[in-house]
Amino acid sequence: MLRKENVHFRKTNKNTVVKRVREVYLRNDIPCLSTQCPKEPPCHEVVKVESSLLSAEPAYYLVPDYSVALRYVELLEQEELTNIIFTETILQRLQSEDKSRTYKSLRQVVKDPRRRSVVFSNEHCKETNVLREPDESIEHRDWRALVQTAAWYRRHLHGNTDIILLSEEFKQEDVLRIDDNNAGIAVMNLREYLTKFWPKTAVLHELLTSLKEAILEEDLENKSQGSIIAKKGPSGTGYQEYKPLSELEAGVKSERFFQGVMRVRANHRDQAFIRGDSNIGEIVIVGSDHRNRAVHGDVVVVELLTKSSWVAPSTHISYNPEEVHAAAEDDEQSSSGVRTSEVKPTGRVVGIMSRNWQPYVATLQEGSEKEAGSFHLVLPLNPIIPKIRIRHHDAKVLANQRIVVRIDSWPVNSQYPNGHYVRSIGPAHDLDTEISAILIEHGISVSQTTQGFSEGSLKEMPINTPERPWVAEPTELAKRRDLRNHIVFSIDPPNCQDIDDAISIKEIGNGQIEFGVHIADVSYFVKENSLTDLEARARGTTVYLSDRRFDMLPKVLSEQLCSLRHHVDRYAMSVMWTLDSEANVLTAWYGRSVIRSACEMEYEQAQGLLNGKDVVPGLDATLCKQLKPSVVLLAKTMRKVRARRMAKGGLELESSEVKFKFKEEGGGISDILPKQPLEVHQIIEEAMVMANGYVAQRIYQGFRESAMLRHHPPPIESHFKMLLRAAESRGFSIDTSSNLALANSLRECASKSENDIEFVKLLKTMATMAMSEASYISSGSMGVDKYAHYGLALDFYTHFTSPIRRYADLVVHRQLMSCLLGATPQKTDNSSDFLKNGLKMEQVAGHLNYKNRESKLAQKDSTELFQTLYVLQKTRNPAAIENGGNDPDAEDLPFTETGIVSEIRENGFFVFVPRFGIKGPVYLKEKSGEISIPLSALKQSGGSEGGGVAGNDHLVMISGCEMDTDLMTQISVKVPPHALGSHASSPNVKVALRLKKSLAHRHTIYMTLIGLDHQGTTASADSKLGLGVSAARGRHMKGHSGRLFTKAGEQLKQDELKRIAQQDPSLAPILQRDLIQGIQEGQHKQQEQQKKGGKNVRKQQPKGGYVDPEEAYYQSRPESSLYNLIESFDRFRIVESNESPASFSS
Ligand SMILES: [Zn+2]
């Protein structure tokens, strides 16, 4: 080994030159990392390295120089570009010049095995190391180093592969001067390269143009920066310079500052927060000035404000997405924070540790394309991201398009971050565009049309065509347990293509049962580290959206060879148990098998058989006769297994899933169907839970340090707050000390609230929302006592049963196989380091957790997208369409449904409509502060379904109301008596679903209140309600007494009512009935006035003008009416939230 000294001179930021001496040990054995390596053995095998390898077949390898790596990293990130050799020279320079973001991006490219890109340690290689000559510039020395590297590769690979040096600064002749034998080394700038090799890939060309524009601007800015700051100063924006890193670090250490990931609240986007340390908890950051250029996801350092400036997090529902952007501009930070007793530590951002800027989907600000100049503002689709300033030479082509943009910088003197245009994905609100947007926002990089499997990966696939159908190989069959004579069947939703699991069960005498779970043997087809495997690992999971799915594996596997179809031989991984008559496990066998499924059953069909039917639709009678005993035995057995698990603390939780039914032709949604809970779902789930649990134990035996397990930690105690309060409101107490205690409490609530299913559902949903997120772990990352799955009440758990659609399961299959083979004397499997390496397993688990979460979020976004499409479809007025959609008077058609109030806020509440799984806000308080409710809400709905609302009654708004909220459980609206209907107390409301349309953002659903739904408010429910209602009424009267109604007589009545209500709660309804007469008169009078005055009370209100509620009240008050208090929302029931609860899947 040869020691050499490399001397570098670097210019620092302060323009001083420092001499750096770096000792380098030069070596002869630096590997080329190419699959083409002609050496025997190849050099990467001699020196063990963890790296992907350059491929064998390409026409050229790319070597970018510093000018390209520094400023065009995004182009290098594009997946079209593969086989890139990053030199150590470039990486070291990025590090020394503190370009850590660029450095990380390049590292990321190398890490992705699909990119076939490597880092070559040219500075350590004896043959490629170059010394800087006297008076030579750094740039030139580095360039020489690259040319040496290129020449070395040419020699090393015997001239088999050309090298393209990518540079924006150097030219072909610059190679000549260094290496006279330069055949096979081409120098190209990026434009030349793209034109030659990617002439038709517009995306790459556009991106290059856009990057060049951004660079141009950055250069201009750098030149003029000094003068701008001198003139305007950073104060022009309200932002502050960040504190130096050393001060930030010292501040965090001494607990003067707090560091954390800044998150912006989705429902109130003027507010952000970080989680400080355990002492201080959450720190709120209000307004854009205090956010100080930090963007959602950045790791920031926060300084606390003085206590007098602390605020409470907003409890408003924000009115629309644009509001955020508006708020950011108006800089109204104080208005959005509410000062109450619940103030939280509040701070401001003083520095940023790392940026988490992503590609964002955005839309050009409306009208911006008409403005002169090349700078434009774009509004990100996700309203928690600030507007971004981009440069584009022809904004007209961007109008009404969804585009992808990236942020480059956010100078202190700029109101908005500077970014650049990446590409266009299509017209806004076009279905395919919106789906692409969802995929991009969740980092799912799958092309919609091709599903994006590379040719190489497809070449690895077995052949299965009508001419050459795939058949099981005799040699393989000989190695497997033959279960083709067992009755095996699968139970799935209708039209399931990717059938992961099948079941067999039979009595084998002595009261014993043989029970088998058979899972698609994906690991047989997908070999570790094959291209398909790498692709599947990168994808992590199949992504299911409402109308389409993006597979983790190519279709030939996911729908055909792996899918456990009926009437064909299929390889499986099986777990076979012998159970006693009480379903206790006597023996367990694991191994590879071959099965032949008798039937692809649907849930409904299986449930039919279970319900005692002899024939079910879609299955022939013989098959039914054959399968029925198995289904019945399965149910009988699984009920016992489940009961035992429940007794150990297994939780039954709630989620609200919906399915979309699409019209056969011409698109459109024909219906939204809530998932029908069937017992057979539970039964199949239990069978899978059992298999997963057993496999988890088995692989842990073989891989103590690196078993891929699924872990569900206990919830954080404070997350139960809502659940406890809701239960308390009904006089229940809930013990959350353990999963068993919680399960028992919930069961008790359920048994005592038998005729109140919604309340029970509410509690379960709240319990679900309190759960922590389940995640994959490597067993070595925590103690064995921590593995437990809280929700399922199992000590060991993993994912084994869905290898077609989850990569984790594929890893688990390999680990299981390795365990089984490991037991035999000679170890035949080539079990990789990967499975045994705890650290690597931890990384993979982390990656899969990320992919899993993003896929769930994408799924949720797509559900919401289709829900809005459905509302759009339902409310679209044909008149508006006939007039070219331009008729401003064509009102949307009414679309009314019954919903449950699910969350109470200061200016209204959220309603959950179970029928469609839709949750949306109902505003009782307008943005202007005016509180109003529709007249129809006060009238008895008369019980007629759907017809409860006559005409446009719901448009007649009663203004001058007062509102009281007890966040979480109660909201009450106090209405002036002239408008009175009857007392109403109901958990259900009738709402009209509406759509707030937006160009820049997704349309959002909101609702207007139409009335209270009295259906189902049975006598027993009423009497049960009595206490709660009157107690609440008493409280409200106290709160309001003498405030609004000042006349002595009224005060008296109010006090009287209060006294009566307190003495005998049961009298309250009677009292109110007596009031009805006066009420009806009042109503009549008011309606008359409305008829005279015009269509709509609300429209009569002067806009923005304040109407004194007392005046309004006295002016129209009928003589005979008594003061009444409407407790419209006495009782709150928070039920199924549409929000995806913390992921909790079996
Ligand atoms: Zn080599």
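At what angle do helix α20 (residues 603-610) and helix α21 (residues 621-647) pack? In this predicted model, local features need pLDDT of at least 70 and side-chain atom pairs count only at pLDDT 80 or more, while totals for chains, interfaces and linings use all residues. Residues are numbered from 1 along each chain as its sequence is written, and side-chain values use heavy atoms, without hydrogens and water.

The angle between α20 and α21 is about 85 degrees, and their axes, lines fitted to C-alpha atoms over the stretch in contact, lie 9 Å apart. Helix α20 is therefore roughly perpendicular (65 to 115 degrees) to α21. Ala606, Leu609 and Leu610 of α20 make the contact (heavy atoms within 4.5 Å) with residues of α21, including Cys624, Leu627 and Arg639. Of the residues in this contact, eight are nonpolar, two are charged and none is polar.

The largest nonpolar core (buried Ala, Val, Leu, Ile, Met, Phe, Trp, Tyr and Cys residues joined through side-chain atoms within 4.5 Å) has 92 residues. Helix α22 (residues 679-702) supplies the largest share of this core, 11 residues. A second, separate core of 65 residues includes Val63 and Ile164. Met708 is among the residues with the most contacts inside the largest core; residues touched by Met708 include Ile699, Tyr776 and Leu848.

Some backbone features occur in loops. The peptide bond from Glu40 to Pro41 is cis, with omega near -5 degrees, and Pro41 lies in the loop between β2 (17-26) and α1 (43-46). Asn83, which is not a glycine, has a positive phi of about 55 degrees. Asn83 counts as buried (under 20% relative accessible area) because its relative accessibility is 3%.

Terms used
Buried < 20%, exposed > 50% of the residue type's maximum accessible area, 1.4 Å probe, protein only. Helix = DSSP H or I, 4+ residues; strand = E, 2+ residues; numbered from the N terminus. Axes fitted to C-alpha atoms, helices over the stretch in contact; angles between N-to-C directions. Parallel < 35°, antiparallel > 145°, perpendicular 65-115°, else oblique. Nonpolar A, V, L, I, M, F, W, Y, C, P; charged D, E, K, R; others polar. Lists of a residue's contacts leave out its neighbours within four places in sequence.
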